[in-house]
Amino acid sequence: MALSIWEALAVFAAGIGAGTINTIVGSGTLITFPVLLATGLPPVTANVSNTLGLVPGSISGAIGYRAELRGQARRVLRLAVTALVGGLAGAILLVTLPSESFDTIVPVLIGLALILVVIQPKVAKTLRARQEKAGGGAGDPDGGPALHAGMLLASAYGGYFGAAQGVLYIGLMGLLLHDDLQRINAVKNVLAAVVNGVAAVFFLFVAEFDWTAVLLIAVGSTLGGQLGAKVGRRLPPTVLRAVIVVVGVIAIIQILLR
C-alpha cells in the first residue's frame, strides 16, 4: 500500500527509535509495530515487514559494539546456532498459529526476565561462589545447557514477535554467564541479528510484506543502531539495568493493553 509523506516520516522515525533502543536494550518492535498498524497494514504483514526492516539495524548495533565482542567468538558462535534454530521455529509458528497463542505467556516471560535482570548480580555471585567452593571454577564460560535451553525458547519468541526479546536475552545471559553487562549486551545484539535474519529469509518465501515500510525501517534502524551503540556503552551497569527494567515494564503494559 502507498504511504503518505507523513506516514513515511513516522515509519522512518520509528525505525530510528527502534534501532536505538534495540541496541541498548531491546523492545524496539514496540515502537515500530504500532506505527505500522496505524498506517493501515494488517497485523501479520506489519510484523513481517518490521522483522525484515530491523535486520540492518541489528547488524548495525552489533558492529557498533564490536569492541565488546573481542574474545567472545566461540561463545557467540555457539549461541548463534541456538538462536538460529529458535528464530526459525518462531517464524514458522508465526505463519501457522494464531497470535492469541502467545498473548498470555509473553508478559509472563518478560516479567521473569526483568526479575532476572534485577537480581542477577547477587544470584550470579552466589552461584559462582558455590561453583568455586565445589572445585568447579567459574563454570561453563558459554553458559552450559541451561543457558542454551533458555536462549532457544527466547529465540523462538523472537522469531515469532520479538518485543522485549533483548530483555529476555540479557536476563538469561546475565544470570548464567560470568561477564560484564556491556559484553553481554554486545552478544545480545549479534543474536538478535541472527534471529531477525533467519526469520526474514523465511518470511521472504511464505509471507506478504510492504517493501516501502521495510526500506524505511531498514534505513532508520541502521542509523539508530549506531546511535544506540554510542549511548549504550557509556551507561554504567546500574543505569543500564534500570533502563532495561523500565523498557521491560513498558513492554508488558503495552502488550497487555493491545
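The side chain of Asn47 reaches the backbone oxygen of Tyr160 at 3.1 Å in this predicted model. Asn47 belongs to helix 3, which covers residues 43–64, and at 4% relative accessibility Asn47 counts as buried, since the cut-off for that class is under 20%. Leaving aside residues up to four places away in sequence, Asn47 touches Phe33, Leu94, Tyr160 and Phe161.

Gly57 also lies in helix 3, and at 6% relative accessibility Gly57 counts as buried. With residues up to four places away in sequence again set aside, the contacts of Gly57 are Thr23, Ser221, Thr222 and Gly225. Gly57 and Thr20 are separated by 37 residues in sequence, while their C-alpha atoms lie 8.3 Å apart in space.

Two packed helices are described by the angle between their axes and the distance between the axes. The table gives these values for two pairs that involve helix 10.

| Helix pair | Angle between axes | Distance between axes |
|---|---|---|
| Helix 3 and helix 10 (residues 181–206) | about 145 degrees | 8 Å |
| Helix 5 (residues 73–96) and helix 10 | about 35 degrees | 8 Å |

Helix 3 passes helix 10 in a left-handed crossing. On the helix 3 side this contact is made by Val48, Thr51, Leu52, Leu54, Val55, Ser58, Ile59, Gly61 and Ala62, and on the helix 10 side the participants include Asn189, Asn196, Gly197, Phe203 and Leu204. Sorted by class, the contact of helix 3 with helix 10 holds 13 nonpolar and 6 polar residues, with no charged residues.

Helix 5 and helix 10, in turn, cross in a right-handed sense. Among the helix 5 residues in this contact are Arg75, Leu79, Gly87, Ile92 and Leu94, which meet helix 10 residues including Val187, Leu191, Val198, Phe202 and Val206. The contact of helix 5 with helix 10 divides into 20 nonpolar residues, 1 polar and 1 charged. Leu94, named here in the contact with helix 10, is also one of the residues that Asn47 touches.

Helix 9 (residues 165–176) can be considered both for its length and for its surroundings. At 1.5 Å a residue, its 12 residues should span 16 Å, and the C-alpha atoms at its ends are 17 Å apart, which agrees with that expectation. Of those 12 residues 11 are buried, so helix 9 is largely enclosed by the rest of the structure. The buried residues are Gln165, Gly166, Val167, Leu168, Tyr169, Ile170, Gly171, Leu172, Met173, Gly174 and Leu175.

Note on methods. Residues numbered from 1 in each chain as written. Predicted model: local features only at pLDDT ≥ 70, side-chain atom pairs only at ≥ 80, totals over all residues. Heavy atoms only, no water. Helix = DSSP H or I, 4+ residues; strand = E, 2+ residues; numbered from the N terminus. Buried < 20%, exposed > 50% of the residue type's maximum accessible area, 1.4 Å probe, protein only. Polar contact = N/O pair within 3.5 Å; in protein donor to acceptor, adjacent residues only side chain to side chain. Contact = heavy atoms within 4.5 Å. Axes fitted to C-alpha atoms, helices over the stretch in contact; angles between N-to-C directions. Left-handed = near helix turned anticlockwise from the far one by under 90°. Nonpolar A, V, L, I, M, F, W, Y, C, P; charged D, E, K, R; others polar. Expected span 1.5 Å × (residues − 1).
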